[in-house]
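User: I am new to the vocabulary of protein structures, and I would like to know what stands behind each label. Please set each value against its definition as we go.

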Amino acid sequence: MEDKLGNKAQISTGLAHKRYEDTNGQTYNILTLRSIKNIEIDTMELDEFTSKEEINTKYLTKKDDVIIGLFSPYSATIIREETENIIVPQSFAIIRTEKINPEYLAYYLNSKRAKYEIKRRSSGTIIPKISIKKLKEIPIKEINQEEESKFIELMNLLNRRIAIKTKELKLTKEIQTYYLNQIGE
């Protein structure tokens, strides 16, 4: 069964943060494209933003939000407790839903089929962008809760495996660099 994303969720754009920028004021973390890694947020890749006034909470991440880039590569991420209260800039959409599992939705929006549907509805030749109106038209494949839970569990296990392998590769490169630096000393 399929339905449109707009029927399952509230979708809004992020904050046009440049008009709030100041050197004095409250400092926030702000989401960047490089901070989205495999549906998770890499907090080391967030930028800092100083605002001249307090930011409306509707522009701050909340647990179970799904955030998706409005520009290619249209990466989606899930917000967990540890990544709450981050500013979502206007280059992202905030998806809030109680009708579909947000974690499943984030994975689905990163699927080949969803990316195809997003690209198909995007406009612009040099820098393609999808509008909120067009994002609401994206078809969402619904599956039963048991299948959804199994899928999420499998994807989370695979993500953990990728993280471990990535860390292992990084450590191996550090060892290699250490030994390369020993030559000639």
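Analyst: Sorted by class, the lining of the second largest pocket holds one nonpolar, three polar and eight charged residues. This is a predicted model, in which local features need pLDDT of at least 70 and side-chain atom pairs count only at pLDDT 80 or more, while totals for chains, interfaces and linings use all residues. Residues are numbered from 1 along each chain as its sequence is written, and side-chain values use heavy atoms, with hydrogens and water left out.

User: What makes a lining residue nonpolar, polar or charged?

Analyst: Ala, Val, Leu, Ile, Met, Phe, Trp, Tyr, Cys and Pro count as nonpolar, Asp, Glu, Lys and Arg as charged, and the others, Gly among them, as polar. The lining includes Ala9, Asn7 and Lys63, and by this rule Ala9 is therefore nonpolar, Asn7 polar and Lys63 charged.

User: Why is this space called a pocket, and not a cavity?

Analyst: On a 1 Å grid over the protein atoms alone, a cavity is a set of points where a 1.4 Å probe fits but cannot get out, whereas a pocket is an open set with protein on both sides within 12 Å along at least five of seven lines, and lining residues have an atom within 4 Å of a point. The second largest pocket has about 180 Å³ of space, and the largest has about 400 Å³, a volume being the space filled by probe spheres set on the points, which are joined across faces, edges and corners. The largest pocket is lined by 14 residues, with Lys37, Glu40, Ile41, Asp42 and Ala163 nearest its centre, and helix H5 (145-182) gives the most to this lining, with five residues.

User: Why does Lys63 count as partly exposed?

Analyst: Buried means under 20% relative accessible area, exposed over 50%, and partly exposed in between, with a 1.4 Å probe and protein chains only. Lys63 has 41% relative accessibility, so it falls in the middle class and counts as partly exposed. Lys63 sits in the loop between strand E6 (47-51) and E7, and beyond four places in sequence it touches Ile79, Arg80, Glu81 and Glu84, where contact means heavy atoms within 4.5 Å.

User: What makes E7 and E8 a pair?

Analyst: Helices (H or I, at least four residues) and strands (E, at least two) are DSSP runs, numbered from the N terminus, and two strands pair if DSSP finds at least two bridges between them. Strands E7 (residues 66-69) and E8 (residues 76-78) have three antiparallel bridges, so they meet this rule. Ile67 stands opposite Thr77 in E8, and the two strands form a hairpin with six residues between them. E7 is also joined to strand E9 (residues 92-96) by four bridges, again antiparallel, with Ile68 opposite Ala93.

User: Which way do the residues of E7 point?

Analyst: In a regular strand the side chains alternate between the two faces of the sheet. In E7, Val66 and Ile68 point one way, Ile67 and Gly69 the other, and all are buried.

User: What makes a group of residues a nonpolar core?

Analyst: A nonpolar core is a set of buried Ala, Val, Leu, Ile, Met, Phe, Trp, Tyr and Cys residues joined through side-chain atoms within 4.5 Å. The largest has 27 residues, and Leu5, Ile95 and Leu135 have the most contacts inside it. Helix H2 (102-109) gives the most to this core, with six residues. A second, separate core of 10 residues includes Ile36, Ile67, Ile79 and Phe92.
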